[in-house]
Amino acid sequence: MPLKNVATQSATGQGAAIKFSHIIGGRKVTPEVHEPVINPATGEVVGLMPVGTVDDLDAAVKAAREAFVLWRLVSDTGRQSACSKIAAKLNDHAEELARLLTLEQGKPLGGLGSRWEIGGAQAWTAYSGALDIPIKTIQDNNEGRVELHRKPIGVVGSITPWNFPVLIASWHIIPAIRAGNTVVIKPSPNTPLSTIRFVQLLNEILPPGVVNVVAGDNALGAAMASHRGIDKMVFTGSIATGKKIMASAAETLKKLTLELGGNDAGIVLPDANPSQIAEGLFWGAFINNGQTCAALKRLYVHDSIYDEVCGELVKLANTVSIGDGLDEKNVLGPIQNEMQFRKICELVEDARVHGGRILTGGTAPENSKGYFYPVTLVADVNHGIRLVDEEQFGPALPIIRYHDIDEVIARANDNQNGLGGSIWSSNVEEARKLALRLECGTAWVNKHGAIQPNAPFGGIKNSGIGVEFGEEGLFENTNIQVVIS
Ligand code: NAD
């Protein structure tokens, strides 16, 4: 049922700041309190985020519970058709969403920026929305019939981060509704506006209450995780917050999908060709300014080609233009927020103090209005410094020298995170074997961070619980019921 009563909420970055509203039960709900959302490239106000209260959250959960009664009964083809309409809607509004995303997130419109993110949301929506949820016959013989059915769970609570707000919202929402659940989403307070607009567009297609958005601060997220009316939480964000969500969700025994932090290692073998792999390494590390869960965050290069690989990466770094994402010539924007900006400055300074050799970058420009930081490559570092041991989540890559394969695999695995990893070599067969020795959810050969809608994605160790994408990701939005007759 189309949503008639929601006026368009969009922002231009010019003129008076626009007040955005929650969307609850298909209607705009405008609270008393709003907070400014800041463009990290300019410091200007992009729009005003509605600050939700626990009452707003309760109303959203109630709307989602009411909508669940009918949405769960809609046929598979009915829900697949709704998802296909959503993909088309994203396509129709791609440019508008991309501009709003650039304004609040900072990423450039072009390259691997906002248009790419909205295109990704559309591609994932089309793929996951079309998946089947078949009934599996486990046994059918003289002794009886055993069927495995997958049923919706109920109300899914979604909490998203600020690095890919629309793409990650689509990863949470679409499989949930495809499987027959209803959703309450809380976006990051740093980047809530593009998600609100996305949910508004969804409400032009879906019945009221199937997808609701309540924006607000971190306390609202905590209230979701412990809410009695929410049956499952899907969360993408830091490990620290993931642990808090798990603790809050324990009381109500909610199902959880947690996509958490990463500190992915990439290992360059001695037979790799430095000029051929340089671009893949570079964008594996610096996509979205390194503010990417499965970016390459620790690069290990064999001693025999160490200097050559470093040289190729410096050459590429010097070609990258960084600036306001609205300017089409820029391929990287600012760091998204002040806290993250300060963290990168600190980690690079710490590496320098501990003997790191800054090959390029390493100092933020003075008198900039935005949180700009150059692409930074730090050589001659090792474990035991923060830039290597911690997730930097920014544009600073430590490059570590190694001599022995067994030793480098052990060092790559010596980390609490286990999201992604990669092996770079001219011998793909051998590289695949080594990839299997990496302790991570996804291991790539001669690429890094290349995710796709049909390949389940998730972390091991502290990087998370469960997977998203593909059939396995869709099934995380279902309860199994076995019928034995
Ligand atoms: P964050 O954990 O600070 O915040 C994420 C969300 O959690 C925000 O919406 C925030 O408001 C909310 N939140 C904060 N405290 C909460 C609490 N106590 N209870 C419930 N919700 C709470 O993360 P961030 O800084 O927005 O994102 C960066 C992190 O996300 C990085 O560690 C990155 O690796 C990770 N990440 C992981 C993936 C993945 O798929 N594994 C993808 C993207 C980002």
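Student: What pocket is the space taken by the ligand?

Tutor: In this predicted model, the space taken by the ligand is the largest pocket.

Student: What makes the pair between Trp162 and the ligand a polar contact?

Tutor: A polar contact needs a pair of N or O atoms within 3.5 Å. An N or O atom in the side chain of Trp162 is 2.9 Å from an oxygen atom of the ligand, so the pair counts as a polar contact by that cut-off.

Student: Which atoms of Leu260 and the ligand lie 2.7 Å apart?

Tutor: They are a backbone N or O atom of Leu260 and a nitrogen atom of the ligand. The protein buries 91% of the 850 Å² that the ligand exposes when taken alone.

Student: Why is the ligand said to lie between domain 1 and domain 2?

Tutor: Domain 1 (11–260 + 463–484) and domain 2 (264–453) both give residues to the shell around the ligand, so the ligand lies between them.

Student: How many residues of each class does the shell around the ligand have?

Tutor: The shell has 14 nonpolar, eleven polar and four charged residues.

How values were computed
Residues are numbered from 1 along each chain as its sequence is written. This is a predicted model: local features need pLDDT of at least 70, side-chain atom pairs count only at pLDDT 80 or more; totals for chains, interfaces and linings use all residues. Side-chain values use heavy atoms; hydrogens and water are left out. A polar contact is a pair of N or O atoms within 3.5 Å; within protein, one must be able to donate a hydrogen and the other to accept it, and residues adjacent in sequence count only if both atoms are side-chain atoms. Accessible areas come from the Shrake-Rupley method with a 1.4 Å probe; for residues, only the protein chains shown count as cover. On a 1 Å grid over the protein atoms alone, a cavity is a set of points where a 1.4 Å probe fits but cannot get out, and a pocket is an open set with protein on both sides within 12 Å along at least five of seven lines; lining residues have an atom within 4 Å of a point. A molecule sits in a cavity or pocket if more than half of its atoms lie within 2 Å of its grid points. Ala, Val, Leu, Ile, Met, Phe, Trp, Tyr, Cys and Pro count as nonpolar, Asp, Glu, Lys and Arg as charged, and the others, Gly among them, as polar. Domain bounds come from an automatic or database domain assignment.
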